[in-house]
Amino acid sequence: MISHRQGNAQRILALDERAEALHLKRDMGIADARAMHPSIDIVEADPEADRRLLEGLADWCDRYTPLVALDSIDGLFLDVTGCTHLFGGERAMLDEILSRFFHQGFDVRAGLAGTPGAAWAAARFCGDRIVVSGEEEALLAPLPLAALRIAPETRTSLESVGLRTAGAVMAAPRAPLARRFGATLLLRLDQALGRLDEAISPRLPVAPLSVERHLAEPVTLTEEIERLVGMLATTLKTDLERRGEGARTLALLLFRVDGAVSRIALGTSRPMREPLLIRKLFHERLAALEQQIDAGYGFDLVRLSVLAVAAFDMQQADLTGEAADDGADIALFVDRIRARLGEGAVLQPVPVESHLPERAVAIVPFTEAPRRTTPPKRPDKMQAPKTIFPPERPIRLFRAPEPVDVPATEMPEGPPLHFRWRRALYRVTRAEGPERIAAEWWREVPSDPAASTRDYFRIEDADGRRYWLYRQGLYGGVSQIPPRWFMHGVFA
Amino acid sequence: MAMTAVARETVFALRRQIAKIEGTLPERLQAPAGATLDDGAGTGPGSDLTIVRRGLAAALPDAFLPIGVERLDAALSGGLPKAALSEIHGLETRDAGAVAGFALSLVSLILNQAQGLPILWIGTSEIFHEAGFPYARGLHASFGIEPGQLLFSEAPRLVDALWVAEEAARMTALAAVILEIRGNPQRLDLTATRRLHARAQGAGRPVFLLRQAAEPEPTAAPVRLIVASAPAVPRATVAGPLAGSIGHPAFTISIGKSRTALPGQFTLEWNPDERRFEERRGEERRERAENPVPVVSLSRGRKDPAAASGEVLAFPAVGSSVAISPAARDQPPPGQRAAHLSPRRAG
């Protein structure tokens, strides 16, 4: 028996058949129930876990149709339009779903109808019924008002005027109903009867293309899965060729015999349709996920979906059969790295117009970096330096400037004589600077402009190493915080 | 005669095959042709110990990347092998700037030949945190590497970094691969380096293994250089060296391991404008300070670079074919100029 807190009292949320046999009911207080039967077993409700379980079941139901939607906390909508023939008709499909759920240990009721509303009512009030299109009215008429999916308040007020079944509501004149009980009631009624279309909102976007293979004998080995991916990708290739497209995002769904579903997605940096390459990418991804995927008793359904497509540019190969495309090798290489190590495994710097050193270069993942498709017309003009002597920049920059301890400077505004960095003392032999870099006022207004001003020095120590140090803040500024020193980078 | 040539070809082919199986460059050590061990090649003291390697290197003149410093190239018998793993060591993490700088100078030399190809820099998160992340602006300014040519790969674990490096080493679409590792991890052993070396040989691209704060240990790399920074010379100006300024980056290179060279130390200076190395020796500096010609560096990164000074003469030599340009010859003497071009007179 499961309890939950409603208002100030613990109440029964759900209960099993044996508890029902003891004349316990839903919404009964826990205190009353205990008074009646002190030995009952009460478990606190865990809505999060219930939700996760329902989503797991929804994942599993993906094997029947791509359109699976969650219905409040305890139901699933499956839009099986055009899918039933794959399972041998509506009845056979319903039976298979029910028996599979039963063997997984779930007590499930199902209804199949032409509208979501009718199917909902059939599942909850009739059980295992298939409603032929046009029979919705006959189905709903004898059912209580709860079958109409309306709010409890509306239901109570309808009952108070003597309308106790859905049939009675249907027979009543519409205008007074709408005036008194709101438009929702009629909307629900029309939806259930198929007068208005109702769309279910699927959890996952429907893949433009997907191919799958049902297996009589479950597979467990990674190599077998890879081989299957290769076969599925070969099937996929013809579809992609017909559409003139290539896959940008691919997902591999592995349905385990006991209901768990593994979803493995990967992206490609350019449209792809070659089965061998797709297989290679999944090889890397599966190798990386080896620990996380538990094959258990094996997978009995393998599906390869293309989640995103893009136009595929055909490259004409030269006579030796090699396409003259330098970028393709790199893109493929990066895809394989990304498949194994994640999105941010390969990075590329992108120059940004900013004079703050750390902002002047943005490090972005390879796929997000802007691609230069055509070479610039006049490279000389593009790369013209802004000044004749561009400021010296270090070759390595610390991600976070590291605080440096400076005991004394010759003059307050000058470079340090010694400094201590990472617990080692350095003697400064030469210094160049300062180069003053102020904060960017157009981005954020600093509380004290002087405090965020930096004076950069190029410094060479006694061993000839060259560093980039800066002093943050000015002496004698408005704020009384003394300037601090930081190590920001190293030179060659 | 023909028989001997054919026989020699066969021997060469077999030797090449053996080298391929062994994964090494074939070598036959012999003294430089036409030079005795005593007079040397005239590259300084110690050159009498220089040994020239013949074999595949002679057959493939492109197998080595000349560093551009005569003495170091001679010691390495032609430069760094191009299709190989090369180790570049730094003794401490704080030398990371010099080690990376030297490796990037080499990459810059490679990019002179392989224009436009990207380079991949792989490092563990540890080293990028300890020694700083490569800064594209600085790389562009000092080594002429465009930001679009740079690829970085940061792997949290060494295993992943090694895997990426192995995958990258066999790519011919990359100009060079830099793998940066800190310390002496167990996993980076002889086997791991041999795998990298074999892939680099197959692809014909260099792999630079930067090792910060590492002890030399047996690896498959044929060459190991130990790099430290050297104090830079002051900036050169027309009025002589500018006191207290920091000029071009300088490195102290020691050959830690090489098949051919004896241990030696070299001080190189990288010229970011001309993108080449110069060796620094005491007397040379003085000469340079006296001779004002190469003070202003030539324009860089242009399509038609200016010729080095000395090749261009202000007044052409007597008898030269281009002594007088056609345009100059067509100019009429001042007296015969058109009337409207002559200065007007009042009246």
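Colleague: How far does helix H12 of chain A reach from its first C-alpha to its last?
Modeller: This is a predicted model, in which local features need pLDDT of at least 70 and side-chain atom pairs count only at pLDDT 80 or more, while totals for chains, interfaces and linings use all residues. Residues are numbered from 1 along each chain as its sequence is written, and chains are lettered from A and ligands numbered from 1 in the order in which they are written. Helix H12(A), a DSSP run (H or I, at least four residues; strands are E, at least two) numbered from the N terminus, covers residues 275-288 and has 14 residues. At 1.5 Å a residue, times one less than the number of residues, a span of 20 Å is expected, and the reach from end to end is close to that, at 20 Å.

Colleague: Within what arc do the buried residues of H12(A) fall?
Modeller: A residue is buried if 20 or more other C-beta atoms, placed from the backbone, lie within 10 Å of its own, exposed if 12 or fewer, and partly exposed in between. In H12(A) the buried residues are A:Ile278, A:Leu281, A:Phe282, A:Arg285 and A:Leu286. Seen down the axis, with directions taken from the axis to the C-beta atoms, they line one face of the helix, because they fall within an arc of 135°.

Colleague: Is B:Ala13 buried or exposed?
Modeller: B:Ala13 sits in helix H1 of chain B, residues 2-22. Because 10 other C-beta atoms lie within 10 Å of this alanine, B:Ala13 counts as exposed.

Colleague: Which residue of S7(B) is the bridge partner of A:Leu397?
Modeller: Strand S14 of chain A, residues 396-404, pairs with S7(B) in the antiparallel sense over two bridges, where pairing requires at least two bridges found by DSSP. Within S7(B), A:Leu397 is bridged to B:Phe133.

Colleague: How many residues does chain A give to the contact with chain B?
Modeller: Residues are in contact if their C-beta atoms, placed from the backbone, lie within 7 Å. Chain B contributes 47 residues to this contact, and chain A contributes 40.

Colleague: Which helix gives the most to the largest nonpolar core?
Modeller: Such a core is a set of buried Ala, Val, Leu, Ile, Met, Phe, Trp, Tyr and Cys residues joined through C-beta atoms within 7 Å. The largest has 110 residues, of which B:Ala103, B:Ile119, B:Ile122, B:Ala165 and B:Val177 touch the most other members. With eleven residues, the helix that gives the most to this core is H4(B).

Terms used: Two residues are in contact if their C-beta atoms, placed from the backbone, lie within 7 Å.
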